[in-house]
Amino acid sequence: MAFRLSNNLVGILNLITFLLSIPILGAGIWLRREGVTECEQFLDTPVIIIGVFLMLVSLAGLIGACCRVTWLLWLYLVVMFLLIVLGVVFTIFAFVVTNKGAGQVISGKGYKEYRLGDYSNWLQKRVTDNKNWNKIKSCLADSKVCTDFHDKYLNASLPEFYQAHLSAVQSGCCKPSDDCQFNYAGPTNWTRGSGVSNNTDCNLWDSDPKTLCFNCEACKAGFIDNLKSSWKKVAVVNIVFLIFLIVVYSVGCCAFRNSRRDNDYHQGWKP
């Protein structure tokens, strides 16, 4: 009875995982064939790898549990154990690297501003790498984050704009820093004033929609802040996923033990 219960449960769980891997794999193949932007093309390979991995692991668990293939169950459990270890390491790492840094409150403004040096060195190095940042800029352009920002606040007066609650990316990439003391002509249209600032981002700002502040450190900091928030959410979800993996791993261990016991029984019994 224990053999049937544990093996059937492992089989059901892996059947569900196998079915889920099909649309994931299909999405990756679709991105590879139909993706036109660099951002979409950047995602296709990881999605395909995840889909194939889930499909192979779930097949190993499904066949091993339902057909009593002990070595497949053993392989399945080894992979599950490694996934649990990697999940724990990633969760701890995600909380460590996202623990540092936050937006700076600006007096009289509804938005915050962001400084690259406030965030973890590991995230800074990954984001500021020229190759990585060029891909990130392409994704930001494809998402039309500054175009939507411009359209939303096009008719806003300066006092209304200053009270706007902007996202980290909008604040860092779509407008110049406040200490540049530029003159407001529109949400993405600012002219240089007579003020002098030591902020190097002021020289990088351009009202051209293709440039704006995409090369500014504030933009990179805003992206890191957004990334930090996303990673924290992923880490929380990952904890729930780890609990699920541990439950499946425990049931799989029971199925493996019962399967081996059943094989030993049949091998030892001779008619």
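Let's start with the lining of the largest cavity. Glu113, Tyr114, Arg115, Ser171, Gly172, Lys175, Pro176, Ser177, Cys213 and Ala218 line it. Its volume is about 40 Å³. A search of the whole structure finds one cavity of 30 Å³ or more. Keep in mind that this is a predicted model.

Now hold on to three names from that lining: Glu113, Arg115 and Lys175. They take us to the charged pairs. Side chains of opposite charge can pair when their charged atoms come close. The structure holds five salt bridges.

Take Glu113 and Lys175. Their closest N and O atoms are 2.7 Å apart. Where do Lys175 and Glu113 sit in the chain? Lys175 is in the loop between helix H8 (168–173) and strand S3 (183–186), and Glu113 is in strand S2 (residues 112–113), so this pair ties together parts that are 62 residues apart in sequence. Are Lys175 and Glu113 buried or exposed? Both are buried. For Glu113 the relative accessible area is 3%. For Lys175 it is 1%. Each value is under 20%, so each residue counts as buried.

Glu113 has another partner. Its side chain meets that of Arg115 in a salt bridge, 3.6 Å from N to O. Arg115 is partly exposed, at a relative accessible area of 24%.

Lys175 also has another partner. The side chains of Lys175 and Asp178 form a salt bridge, with 3.5 Å from N to O. Asp178 is partly exposed, with a relative accessible area of 22%. Which residues join into one network through shared partners? Lys109, Glu113, Arg115, Lys175, Asp178 and Asp179 do.

Lys109 gives us a bridge to the next topic. Besides its place in that network, Lys109 lies over the face of Tyr162. The distance from the ring centre is 4.1 Å.

So, on to the rings. Tyr162 belongs to a cluster linked by ring pairs. The other members are Tyr111, Phe149, Tyr153, Phe161, Tyr184 and Trp190.

How many aromatic pairs are there in the whole structure? The search finds 14. I'll show you two. A pair of aromatic rings is described by the distance of the centres and the angle of the planes.

First on my list, Phe90 and Trp231. This pair is tilted, with 5.9 Å centre to centre and 55° between the planes. Phe90 lies in helix H3 (residues 70–97) and Trp231 in helix H10 (residues 217–268), so the pair ties together parts that are 141 residues apart in sequence. Phe90 counts as partly exposed, at 29% relative accessibility. Trp231 counts as buried, at 19%. The cut-off for buried is under 20%, so Trp231 falls inside it.

Next, Tyr184 and Trp190, from the cluster I just listed. Their pair is edge-to-face. The centres are 5.1 Å apart, and the planes make an angle of 75°. Tyr184 is partly exposed, with a relative accessible area of 21%. Trp190 is buried, at 8%.

Let's step back to the domains. The domain assignment gives domain 1 as 1–100 + 229–268, and domain 2 as 104–224. Their C-alpha centres lie 40 Å apart.

Now the largest pocket. Its volume is about 880 Å³. The lining has 23 residues. Which of them are closest to the pocket centre? Ile50, Phe53, Leu54, Leu83 and Phe241. Which helices supply at least two residues each to that lining? Helix H1 (2–34), H2, H3 and H10 do. You met H3 and H10 a moment ago, with Phe90 in H3 and Trp231 in H10.

One last residue, from helix H2. Ile49 sits in this helix, which covers residues 38–66. Is Ile49 buried or exposed? Exposed, because its relative accessibility is 52% and the cut-off for exposed is over 50%. Ile49 and Ile24 are 25 residues apart along the chain. Their C-alpha atoms are separated by 9.5 Å.

To recap. Glu113 and Lys175 form a salt bridge, and both are in the lining of the largest cavity. Ring pairs link a cluster that includes Tyr162, and Lys109 lies over the face of that ring. The largest pocket takes lining residues from H1, H2, H3 and H10. That's my tour.

How values were computed
Residues numbered from 1 in each chain as written. Predicted model: local features only at pLDDT ≥ 70, side-chain atom pairs only at ≥ 80, totals over all residues. Heavy atoms only, no water. Helix = DSSP H or I, 4+ residues; strand = E, 2+ residues; numbered from the N terminus. Buried < 20%, exposed > 50% of the residue type's maximum accessible area, 1.4 Å probe, protein only. Salt bridge = Lys/Arg side-chain N within 4 Å of Asp/Glu carboxyl O. Phe/Tyr/Trp six-rings, centres within 6.5 Å; stacked < 30°, edge-to-face > 60°. Lys NZ or Arg CZ within 6 Å of the ring centre and 35° of its normal. Domains from an automatic or database assignment. 1 Å grid on protein atoms, 1.4 Å probe; cavity = no way out; pocket = protein on both sides within 12 Å on 5 of 7 lines; lining within 4 Å. Points joined across faces, edges and corners; volume = space filled by probe spheres on them.
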